[in-house]
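Here are my notes on the model you passed along. Have it open in a viewer while you read, since the points jump around the chain a bit.

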Amino acid sequence: MAKSSADDEELRRACEAAIEGTKQKIVLSIRVAKSHGIWGKSGKLGRHMAKPRVLALSTKSMGQRTKAFLRVLKYSTGGVLEPAKLYKLKHLSKVEVIANDPSGCSFTLGFDNLRSQSVTPPQWTMRNIDDRNRLLFCILNICKDVLGRLPKVVGIDVVEMALWAKENTPAVPKQTNQQDGVPVAATVTESDLKVTVERELVSQAEEEDMEALLGNYLMGIGEAEVFSESLKRELLALEAANVHAILESEPLIEEVLQGLEAATYCVDDMDEWLGIFNVKLRHMREDIESIETRNNKLEMQSVNNVSLIEELDKLLERLQVPSEHAACLTGGSFDEAHMLQNIEACEWLTGALRGLQVPNLDPSYANMRAVKEKRTELEKLRTMFVRRASEFLRNYFASLVDFMISDKSYFSQRGQLKRPDHADLRYKCRTYARLLQHLKSLDKNCLGPLRKAYCSSLNLLLRREAREFANELRASTKASRNPTVWLEASAGSSHSSHNADTSAVSEAYAKMLTIFIPLLVDESSFFAHFMCFEVPALVPPGGVANGNKDGYNDANDNDDLGIMDIDENDGKAGKNSADLAALNESLQDLLNGIQEDFYAVVDWAYKIDPLRCISMHGITERYLSGQKADAAGFVRLLLGDLESRISVQFNRFVDEACHQIERNERNVRQMGVLSYIPRFATLATRMEQYIQGQSRDLADQAHTKFVSIMFVTLEKIAQTDPKYADVFLLENYAAFQNSLYDLANVVPTLAKFYHQASEAYEQACTRHISMIILYQFEKLFQFTRKIEDLMFTITPEEIPFQLGLSKMDLRKMLKSSLSGVDKSISAMYKRLHKNLTSEELLPSLWDKCKKDFLDKYESFAQLVAKIYPNESIPSVSEMRELLASM
């Protein structure tokens with residue numbers, strides 16, 4: 001007989017590897033075939049669809065409990081077992097052996113927790129009856145020991161199963177595991193099943209009782225008729241005994257019936273009494289309910305009256321106007337000494353008005369006549385107080401500014417520059433800052449006229465301070481005026497007047513910005529906070545408004561108004577676009593007109609030295625980059641306008657200088673280096689000195705415009721006399737390079753034009769030298785050009801047979817051109833020297849002339865050697881020695 005797969009150790013190890021990590025122990029593993037039969041149809045077991053599977057019984061110990069599982073494992077593509085299904089044995093309800101299978105090796109397992117009971121359960125087919133019995137016996141033993149119950153078994157005799165187990169399992173005493181003296185349920189394994197007898201379905205004692213019982217009935221099995229007759233006799237005897245007993249008990253029955261009848265009468269009387277009592281109780285119950293209802297209503301009415309009195313007391317408390325607040329709101333003074341009472345009255349009025357609004361007041365009270373009348377009274381108080389406070393503040397702002405304007409000591413005077421000081425003004429305004437916040441909470445529309453009044457009054461003061469400061473600043477600044485004519489042809493060669501020191505002009509402009517830009521920023525910040533605009537702060541605590549540590553800074557002047565926000569929303573840092581637009585409009589009213597004094601300083605500086613626009617532009621740009629806050633909008637506009645004004649003035653100077661350059665074109669024939677080229681070098685040097693690490697946008701734009709006009713004018717002047725155009729161009733381009741060599745190394749814009757001039761110089765030199773060489777050796781190089789042209793169409797051997805290119809023609813040309821070559825070279829040098837006005841260029845030009853001549857002659861010699869190999873001409877080395885000796 002083949003070995004059972006249940007004894008296959010490799011199969012067991014493969015199963016353990018497949019469930020590794022689950023902490024479960026394999027009890028039994030056996031190979032089966034899985035198929036699906038058709039319910040109710042015999043003979044169709046679906047064996048043609050059988051799939052190999054492995055059924056494994058496993059247990060898992062959890063403390064003193066043990067769980068049992070039935071695992072279905074299938075073979076993967078590589079032949080490795082992997083888990084397919086997992087069933088808990090506690091849900092196993094039925095084990096059924098298929099009756100239609102004649103072999104008896106097929107069975108199904110029914111579980112009570114399957115989602116769909118209508119689905120046909122899988123059929124498991126074993127190899128033989130022993131494997132089937134071994135698996136089912138193991139399942140039943142585990143269910144009995146671990147779960148304490150047995151599933152329903154259909155299609156197999158339990159006794160037969162027990163007998164099979166007895167035959168196939170040797171009896172070995174079962175050992176009980178103990179831990180610390182406490183019995184622990186032993187784990188059921190296949191080895192245990194082979195050695196245990198106590199776990200059989202029918203015990204030995206039960207089997208002996210069954211055999212004894214069966215033995216008692218074996219006696220009559222062979223005497224069926226006798227046994228049947230004895231049973232009949234016993235039955236008749238029992239029936240007769242029952243009838244006799246019935247007849248003997250008749251008097252007893254009569255006595256019982258009489259007792260029952262008497263009891264019936266008593267019950268009827270009791271029923272009547274209970275009915276009477278029930279009616280009385282019902283009436284009493286109705287009376288009690290009525291009394292309880294009246295009591296509940298009275299109690300509820302009492303509670304409601306108490307609550308109503310409390311609510312009315314609270315409402316009356318809200319509606320009452322304290323006499324001290326009423327007097328303050330209707331006719332109190334706004335002096336500094338009485339401001340605390342005014343603030344307290346405002347706070348009370350604000351709270352009272354909010355308390356009568358629907359979100360804070362019960363909606364049922366909102367329509368009460370007393371509440372409406374009190375709300376009307378409070379609104380009248382609010383209107384009266386807002387009107388009185390607004391009128392007082394308008395007059396107060398105007399009086400403060402008028403007092404400061406009337407005192408000349410506040411402003412700059414002759415010989416004394418006075419820094420504006422608004423510390424006292426702001427201190428007095430701060431007294432009413434909290435009042436303004438309360439006015440905003442009472443009536444936001446009242447702030448518009450107050451803001452206009454404050455802006456109008458302070459604008460007069462700021463414009464007066466700026467005008468007086470600017471006038472004294474210009475009067476006290478001593479600087480020589482530089483002429484605006486830099487590149488005029490008739491201006492002469494002396495530029496000593498251009499060297500005057502005008503740094504005081506830039507310093508004066510910087511002082512104007514240093515004093516007034518921080519002042520305007522601080523005023524804008526103070527105005528934004530003082531007039532309750534919801535915008536972020538201009539300068540963070542401890543910061544400097546313009547990024548310049550030498551700027552306006554008053555240690556005692558802090559724009560923090562020292563007040564708490566009345567509204568929660570007032571403390572939010574988020575920018576309110578509507579408030580920001582209103583703030584910009586108010587700042588326009590506050591600071592408008594002051595830009596004229598800044599323009600006057602810019603125009604004054606331009607008249608003294610137009611080049612100072614470069615340094616002023618850099619100063620303005622630095623201040624502009626420091627203004628980032630929302631409330632500094634007008635200051636940014638002011639600086640932007642100043643920057644534009646400076647750019648316009650400087651562009652005006654640049655345009656005028658360009659016109660001066662263009663006027664050179666109208667003059668008589670120009671010779672030598674034009675005057676504006678060295679003057680431009682001086683101008684560019686001065687402009688670079690004024691940049692001093694600042695933005696060079698203005699200077700680069702001016703350089704580009706100047707040099708472009710210079711080059712265009714130079715080309716136009718050269719075209720007026722084509723004969724000397726190349727000499728004129730090369731001298732001027734050389735002068736441009738020489739004068740701007742140092743600047744081109746540090747200024748990228750000039751470096752670009754330097755390279756452009758260098759290329760133009762090289763081109764002019766090449767054209768002029770070629771013209772001189774061809775003038776002296778025209779026949780020689782014309783002969784060369786004819787040969788080169790013909791070489792594109794015919795072979796070199798045919799050229800000597802062409803008209804004008806024969807050997808005789810070659811000899812005549814050599815005799816006429818090279819017979820007095822030393823004289824011709826001397827004449828070429830004299831011609832080069834004659835037309836040149838810049839003597840310093842002659843050596844380099846003559847070297848270039850000799851080099852070009854040798855290159856042309858070497859090309860001629862190569863052509864002659866190729867086409868006229870038997871003709872002799874002076875060699876290139878001889879010609880080089882001749883040129884070197886001259």
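What follows is a set of numbered points, starting with confidence and moving on to strands, cores, salt bridges and a few single residues.

1. First, the caveat: this is a predicted model. The chain averages a pLDDT of 75, and 77% of the residues score at least 70. Over residues 171-200 the pLDDT is below 50, though the model still gives this stretch 51 contacts beyond near neighbours in sequence. Residues 537-575 also stay under 50, with 70 contacts beyond four places in sequence. Where pLDDT is low, the predicted coordinates should not be read in detail. I'd treat the contacts in residues 171-200 and in residues 537-575 with that in mind.

2. Now the strands near the start of the numbering. β1 (residues 25-35) pairs with β2 (residues 51-62) in the antiparallel sense, over nine bridges. If you want a register check, look for Lys-25 opposite Thr-59 in β2. β2 in turn runs antiparallel to β3 (residues 65-75), and nine bridges join these two as well. Here Val-54 stands opposite Leu-73 in β3. The hairpin of β2 and β3 has two residues between the strands, and Gly-63 takes a positive phi near 75 degrees there.

3. Which residue other than glycine has a positive phi, near 60 degrees? That is Lys-23. Most residues other than glycine have a negative phi, and most peptide bonds are trans. Lys-23 sits in the loop between α1 (9-18) and β1, and its relative accessibility of 74% makes it exposed. Worth a look if you go through the backbone torsions.

4. Next, Val-154 and its surroundings. This residue belongs to strand β8 (residues 152-154) and is partly exposed at 26% relative accessibility. Setting aside neighbours within four places in sequence, Val-154 is in contact with Lys-94, Val-95, Glu-96 and Val-97. The C-alpha atoms of Val-154 and Val-97 are separated by 6.3 Å, although the two residues are 57 apart along the chain. Two of those partners, Glu-96 and Lys-94, also share a side-chain salt bridge (3.4 Å, N to O). Lys-94 is partly exposed, with a relative accessible area of 30%.

5. On the packing: the largest nonpolar core has 167 residues, and those with the most contacts inside it are Leu-435, Leu-439, Tyr-454, Phe-650, Phe-706 and Phe-736. Helix α15 (residues 503-530) gives the most to this core, with 16 residues. There is also a second, separate core of 32 residues, which includes Val-72, Met-126, Leu-135 and Cys-138.

6. How many salt bridges does a search of the whole structure find? The count is 10. One of interest joins the side chains of Asp-603 and Arg-645 at 2.7 Å, N to O. Asp-603 lies in helix α17 (residues 595-608) and Arg-645 in helix α19 (residues 633-662), so the pair ties together parts that are 42 residues apart in sequence. Asp-603 is buried, because its relative accessible area of 18% falls under the 20% cut-off. Arg-645, at 29%, counts as partly exposed.

7. Another pair is Lys-705 with Asp-655, whose closest N and O atoms are 2.4 Å apart. Lys-705 is in helix α21 and Asp-655 in helix α19, so this salt bridge links parts 50 residues apart in sequence. Both ends are partly exposed: Lys-705 has a relative accessible area of 39%, and Asp-655 comes in at 29%.

8. Staying with α21 (residues 697-719), have a look at Asp-700, which lies in this helix. Is Asp-700 buried or exposed? It counts as buried, at 18% relative accessibility. Not counting residues up to four places away in sequence, Asp-700 touches Val-747 and Thr-749.

9. Last, helix α12 (residues 423-430), where Leu-425, Arg-426, Cys-429 and Arg-430 are buried. Down the axis of α12, the buried residues fall within an arc of 130 degrees, so they line one face of the helix. An α-helix has 3.6 residues a turn, so residues three or four places apart point the same way. Note that Arg-426 and Arg-430 are among the buried residues here.

Definitions and conventions:
Residues numbered from 1 in each chain as written. Predicted model: local features only at pLDDT ≥ 70, side-chain atom pairs only at ≥ 80, totals over all residues. Heavy atoms only, no water. Helix = DSSP H or I, 4+ residues; strand = E, 2+ residues; numbered from the N terminus. Buried < 20%, exposed > 50% of the residue type's maximum accessible area, 1.4 Å probe, protein only. Contact = heavy atoms within 4.5 Å. Core = buried A, V, L, I, M, F, W, Y, C linked by side-chain atoms within 4.5 Å. pLDDT = per-residue confidence, 0-100. Pairing = 2+ DSSP bridges. Salt bridge = Lys/Arg side-chain N within 4 Å of Asp/Glu carboxyl O. Arc of directions from axis to C-beta.
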